[in-house]
Amino acid sequence: MIIFLKLTENDKRLLIALLLILILLFVIFGYLGLLVKKIMKKQGDKGEDLIHDVVKAGVIKSPKKLVLFGIRKNYRQLFKDAWIPFCIMLVSSLILILYCAFSNNWGVNVFDYEKYGIRTLFFVFDWEHAPRANFFGMELISNWPDVLSAPHWSNDAIASYFFVPGMLVGGIWFLVCVQAYIARTYRIYKKSKTIFNRSLDNFDASDAPVDEIKPE
Amino acid sequence: MGHFLKVFLSGIIYVLLSPVIALFLALYAVYCIFVFIYMAIRNLIVFFSGGNPLGDLKEDVEAKRILKEREEALLNQPQPQINNYYGTISQPYPPYNPEYGPNPFENDESSKLEEESSNEEQDDEEVNL
């Protein structure tokens, strides 16, 4: 309590601002989670589509066989979805390997900011030596640090200009394909547990046909 | 307010579980890389042996055949015959069935008038022909 009494108006405002930022962060993560759930639900529909015909035709009648069949179909679907991002990543890697082979420089740092890396195209700040101030016993950054490198084109970094965006795009695309694979697998597994169950939940005995009374 | 609290609490859970989720995704990504490589090799072998690498599985072929047969059976079903004789002006209702007892309309004047008018129409048709 004594600590809170010693707070100045500025400190209190800073605390409230930090709390609001924290709440906002959690709310953003919450909505992101809802979005991912919604997307995965839609991706799971494809899993149902894969097993629809065999279930409707009665070719597969047991949950275990359905899961095994679903896994085989899912492998094929993963291949169909993921071959493009795989090719992008492969081509990006080939470009870097060819550059290293032709320039005879196998120690290329693709994140370098002086000559060979992608960071030559961005502002690079000296965060290690940024001005700091004491705040509640913690040393926090209090001002913008010095600029180590401004954006500039470097011919030696051309391989990094292809490699890093290619791996980034291909990698994120592949992760989306992996997410879809997980969604389909989960849906197939969930459906295999329910579609072969013969449930009496909605059965009403009074609707059943009445037996004819036969003369004795 | 309830929805906001729900989203806020689920956000806290997602932040706390994010390392586990990231690890799960990373492990699945590695597994999928192996699956992709296996499928690529398998498809190349099938392709060079003359097959269709992304063709239907035998269960799919069987299922399509069964569904097609069912569809054809439905289309070839004989259509139920609809008797359009009743409902016309000359025959507003079916003839009386004597199994139900004496005809209550036998001595009815309106039915006699209708019979006469229908007989006149038949005579007119014969003249026109």
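Is Lys41(A) buried or exposed? Keep that in mind for a moment. One caution first: this is a predicted model.

Back to the residue. Lys41(A) is exposed, because its relative accessible area is 61% and the cut-off for exposed is over 50%. Lys41(A) sits in helix H2 of chain A, residues 9-56. On the surface, Lys41(A) belongs to a patch of positive charge. Its partners there are Lys37(A), Lys190(A) and Lys6(B).

Now the overall build of chain A. It has four helices and four strands. Along the sequence, the pattern reads α-α-α-β-β-β-β-α. The radius of gyration is 30 Å, where a compact globule of 216 residues would have one near 17 Å. Along the principal axes, the C-alpha atoms fill a box of roughly 105 × 65 × 20 Å. Of the 216 residues, 29% count as buried.

Next, salt bridges. The count is 11 over all chains. Take Arg184(A) and Asp81(A): their closest N and O atoms are 3.4 Å apart. This pair links distant parts of the chain, helix H4 and helix H3, with the two positions 103 residues apart in sequence numbering. Arg184(A) is buried, at 2% relative accessible area. Asp81(A) is partly exposed, at 25%.

Chain A also holds a network of salt bridges, linking Asp45(A), Glu48(A), Arg187(A) and Lys191(A).

Over to chain B. Asp56(B) meets Lys64(B) at 2.6 Å, N to O. Glu69(B) pairs with Arg65(B) at 2.7 Å. Those two are four residues apart in helix H2 of chain B, so about one helical turn separates them. Glu69(B) is partly exposed at 44%, and Arg65(B) is partly exposed at 40%.

How values were computed:
Residues numbered from 1 in each chain as written. Chains lettered and ligands numbered in written order. Predicted model: local features only at pLDDT ≥ 70, side-chain atom pairs only at ≥ 80, totals over all residues. Heavy atoms only, no water. Patch = residues over 30% accessible without salt bridge, like charges linked within 9 Å, V, L, I, M, F, W, Y side chains within 5 Å. Areas by Shrake-Rupley, 256 points an atom, 1.4 Å probe, with all protein chains shown as cover. Salt bridge = Lys/Arg side-chain N within 4 Å of Asp/Glu carboxyl O. Lys, Arg positive; Asp, Glu negative; His and termini not counted. Charge placed at Lys NZ, Arg CZ, Asp CG, Glu CD. Buried < 20%, exposed > 50% of the residue type's maximum accessible area, 1.4 Å probe, protein only. Rg over C-alpha atoms; globule rule 2.2 N^0.38 Å.
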